[in-house]
Amino acid sequence: QRGVEGWEEKFEDVAGSILEQIDILSETASEFSSFAKFYNEDSRVFDLKGLIQDQLLFFDNRDNIRFEFVTSLDQADVLAKKDQITRVLVNLISNAIQALESLDGGTIRVSLAAIGKSYTVSIEDNGEGVKEENLYKLFKPNFTTKSSGTGLGLAICKSIIDQSNGEISYCKSELGGANFSFTLPIYQKG
């Protein structure tokens with residue numbers, strides 16, 4: 001209104017910043033809303049292998065990233081909150097994809113194995129991995145290395161897996177990048 005010189009440029013910068021903040025707030029609200037739903041969902045028996053395959057079909061559409069699924073299991077029944085376990089898979093696979101976006105030849109390997117009385121799911125990539133100084137913060141709320149995002153994703157994944165009587169962890173992948181793994185108890189009939 002005042003006709004200040006260069007106002008269009010300033011407006012674009014401010015509008016872009018505001019829209020980015022709105023996205024972050026929206027994502028935060030969505031994360032909390034989803035987390036609250038955990039307590040409303042009933043556990044049910046489902047095939048973890050099938051769930052993983054469904055998610056990989058959804059994500060495997062990038063030219064620069066190759067997906068691998070490694071398992072010798074025909075089926076992997078668990079008793080858990082399926083929507084929440086889906087959320088864990090989506091978050092971990094999305095993180096792996098984001099770690100590889102700037103690479104020409106990215107690889108994401110998802111593996112499923114029965115170890116003892118649990119199934120172990122590992123999502124590995126050939127990105128840079130997590131820096132040593134960030135390891136202790138990985139599953140804490142509000143920690144993120146991304147330019148956008150809430151920093152709640154891994155904390156919520158940990159909470160979901162903990163409440164599902166499993167464990168979640170990080171180690172360096174043999175592919176060179178990150179390896180996030182989680183366990184869920186094998187469903188025992190009767």
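## A greasy spot on the surface

A nonpolar patch is built from residues with over 30% relative accessible area and no salt bridge, their nonpolar side chains being joined within 5 Å. In this predicted model, Val4, Trp7 and Phe11 make up such a patch on the surface, and together they have about 330 Å² of accessible area.

Trp7 sits in helix 1, which covers residues 7-37. Is Trp7 buried or exposed, or something in between? With a relative accessible area of 47%, Trp7 is partly exposed, because the partly exposed class lies between 20% and 50%.

## The overall layout

Zooming out, the protein chain has four helices and seven strands. Read from the N terminus, the order is α-β-α-β-β-α-β-β-α-β-β.

The chain has 190 residues, and 42% of them count as buried. Its exposed area is about 11500 Å², with 48% of that coming from carbon and sulfur atoms. If you take the contacts between residues at least 6 apart in sequence, 73% of them link residues at least 24 apart.

## What's inside

In soluble globular proteins, nonpolar side chains tend to be buried together. Here, the largest nonpolar core has 41 residues, and the ones touching the most other members are Leu48, Ile85, Ile108, Val121, Ile123 and Phe182. Helix 3 (residues 82-100) gives this core its largest share, eight residues.

Phe182 is worth a click in the viewer. Beyond its neighbours within four places in sequence, Phe182 is in contact with Val88, Leu89 and Leu92, along with Tyr119, Thr120, Val121 and Ile123, and also Ile161, Glu167 and Ile168.

## Helix 3 up close

Which residues of helix 3 are buried? They are Gln84, Ile85, Thr86, Val88, Leu89, Asn91, Leu92, Ile93, Asn95, Ala96, Ile97 and Leu100. An α-helix has 3.6 residues a turn, so residues three or four places apart point the same way.

The length of helix 3 checks out too: at 1.5 Å a residue, its 19 residues should span 27 Å, and the end C-alpha atoms are indeed 27 Å apart.

## Arg66 and its distant partners

Arg66 belongs to strand 2, residues 65-71. At 46% relative accessibility, Arg66 counts as partly exposed.

What does Arg66 contact, other than neighbours within four places in sequence? The list is Gly106, Thr107 and Ile108. Arg66 and Thr107 are 41 residues apart along the chain, yet their C-alpha atoms are separated by 4.8 Å. Ile108 turns up again from the core, where it is among the residues touching the most other members.

How values were computed: Residues numbered from 1 in each chain as written. Predicted model: local features only at pLDDT ≥ 70, side-chain atom pairs only at ≥ 80, totals over all residues. Heavy atoms only, no water. Helix = DSSP H or I, 4+ residues; strand = E, 2+ residues; numbered from the N terminus. Buried < 20%, exposed > 50% of the residue type's maximum accessible area, 1.4 Å probe, protein only. Contact = heavy atoms within 4.5 Å. Areas by Shrake-Rupley, 256 points an atom, 1.4 Å probe, with all protein chains shown as cover. Core = buried A, V, L, I, M, F, W, Y, C linked by side-chain atoms within 4.5 Å. Patch = residues over 30% accessible without salt bridge, like charges linked within 9 Å, V, L, I, M, F, W, Y side chains within 5 Å. Salt bridge = Lys/Arg side-chain N within 4 Å of Asp/Glu carboxyl O. Expected span 1.5 Å × (residues − 1).
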